[in-house]
Amino acid sequence: MKKLILKSVLYIFLILLVLEVLVRVFHLSKDTPTRFLDKHEVEKWFPNQNGFSVTGNRRQNFSEYHINSSGYNSYREFTPSKDKIEIALVGDSFIEGFHQDFYNSIGKKIENAIPSLEVYEYGYAGYDFADQLHLIDSYKKQFDLINHIILGLKFSNDLTRGEYKVVTSRLNLESPLNRLLKKSKLLVYCKSIGILDPPQEFVYKFINLLQPKPKAKTIDKKEIERIKLEEEKRFLANFESLIARYGFEKERYTLLLDSRITSPIFMSYLKKHNFRYIDYASSFESTNRSTTLIYDRHWNNHGRNLIAKNIINYLKSNNLTP
């Protein structure tokens, strides 16, 4: 019996070892760069990292990233000056672009169309509008040299708070335990494709069974509409609070948004108060091709081409190009 147990343990260890090697050889797991909080309390990626982002259990999407010295995924360094024309793209994972090779990013597509322009991509997964304005304010001297700034905005996600505070949940991913666990590519791969989800769900269900459940309340359609309206008003108030705190240069700042998923109240507010914005809704609606990845709702290469074209047309029509 003792020999059987020892052999079983040995075989399991060897199987796991072989699987670890296979995952590394075929590069099935994603490389997650290290996060950190800088002296201005701006969360970003630790500078000068390289790796590959993988989506899906059979590498449905495989792309290379490069974190520059400023802590953002980009093919170039950020060196704004008064002698050049620069555009900054600021936003979340859609701007960050881990789902596309860093040398074929939205910024690079724009530069290919307008070679005399430099595009700086300040994208970081999870950035909301508060993060974006805090970043610009923290590096004011650098951003003051940039000619125009485009801020990605998704109304339902990016205006949930009216002031900036450090989000510790993302930084907790850099704990010593998590760093140790990430050294196993097999474990990272298993987590990314959902193999570890059933055990976690079982634990959550077990915990819920031990806790008393509140009685479910029935909400009618009018109440749902009222709650939605109150939420939209709160998001708008958060927008006003943030621009009051950090300022918003209407001639130099432009929002990038999709009017199909943006509150009509907010759209009316932008028009009434003369906020500039790039609405890419019509270009996405008119195309017959998919604009997102199959196993991920981020923009695919076609979607990024459309975003780049929208920005290029906007820059040219507003005489913001060299």
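Okay, one term before we start: buried here means under 20% relative accessible area. Keep in mind that this is a predicted model. With that cut-off, tyrosine 127 counts as buried, because its relative accessibility is 2%. Its ring partner, tyrosine 124, is buried too, at 0%.

Let me stay with those two rings. The structure holds 28 aromatic pairs. Tyrosine 124 and tyrosine 127 make up one of them, a tilted pair with 5.0 Å from centre to centre and 40 degrees between the planes. Now for another geometry: tyrosine 280 and tryptophan 299 are edge-to-face, because their planes sit at 90 degrees, with the ring centres 5.7 Å apart. That pair links distant parts of the chain. Tyrosine 280 is in the loop between strand 9 and helix 13, while tryptophan 299 is in the loop between helix 13 and helix 14, 19 residues apart. Both partners are buried, tyrosine 280 at 10% and tryptophan 299 at 6%.

Back to the tyrosines. Ring pairs join Tyr124 and Tyr127 into a cluster with Trp45, Tyr65, Tyr72, Phe78, Phe98, Tyr120, Tyr122 and Phe143. While we're on rings, two of them have a charge sitting over them. The charged end of arginine 245 is over tyrosine 246, 4.4 Å from the ring centre. Lysine 250 does it with phenylalanine 275, at 4.5 Å.

Next, strand 6, residues 117–123. Seven of its seven residues are buried, so the strand is largely enclosed by the rest of the structure. Which residues point which way? Leu117, Val119, Glu121 and Gly123 go one way, and Glu118, Tyr120 and Tyr122 go the other. So what does strand 6 pair with? That would be strand 5, residues 85–91, in the parallel sense and over seven bridges. If you want a register to check on screen, isoleucine 85 stands opposite leucine 117.

Tyr122 deserves a second look. The largest nonpolar core has 41 residues, and Tyr122 is among those that touch the most other members, along with Phe129, Phe143, Ile149, Leu151, Phe239 and Leu255. Several elements supply at least two residues each to this core, including strand 5, strand 6, helix 4 and strand 8. Helix 11 gives the most, with six residues. Setting aside residues up to four places away in sequence, tyrosine 122 touches, among others, Tyr72, Phe78, Leu89, Tyr127, Leu135 and Phe143. There is also a second, separate core of 22 residues, and Leu256, Phe284, Ile307 and Leu320 are in it.

Helix 4, residues 129–138, is mostly covered, with nine of its 10 residues buried. The buried ones include Phe129, Asp131, His134 and Ser138. At the start of the helix, a side-chain oxygen of aspartate 128 comes to within 3.2 Å of the backbone nitrogen of alanine 130.

Last stop, glutamate 43, which is in strand 2, residues 43–45. Buried or exposed? Buried, at 3% relative accessible area. And what does its side chain make a polar contact with? The side chain of arginine 170, at 3.1 Å. Leaving out neighbours within four places in sequence, the contacts of glutamate 43 include Arg35, Tyr72, Tyr164 and Leu171. They also include Tyr124 and Tyr127, which takes us back to the tilted pair from the start.

Note on methods: Residues are numbered from 1 along each chain as its sequence is written. This is a predicted model: local features need pLDDT of at least 70, side-chain atom pairs count only at pLDDT 80 or more; totals for chains, interfaces and linings use all residues. Side-chain values use heavy atoms; hydrogens and water are left out. Buried means under 20% relative accessible area, exposed over 50%, partly exposed in between (1.4 Å probe, protein chains only). Helices (H or I, at least four residues) and strands (E, at least two) are DSSP runs, numbered from the N terminus. Two strands pair if DSSP finds at least two bridges between them. Rings of Phe, Tyr and Trp (its six-membered ring) pair if their centres lie within 6.5 Å; planes under 30 degrees apart count as stacked, over 60 as edge-to-face and the rest as tilted. A charge sits over a ring if NZ of Lys or CZ of Arg is within 6 Å of the ring centre and within 35 degrees of the ring normal. A polar contact is a pair of N or O atoms within 3.5 Å; within protein, one must be able to donate a hydrogen and the other to accept it, and residues adjacent in sequence count only if both atoms are side-chain atoms. A nonpolar core is a set of buried Ala, Val, Leu, Ile, Met, Phe, Trp, Tyr and Cys residues joined through side-chain atoms within 4.5 Å. Contact means heavy atoms within 4.5 Å.
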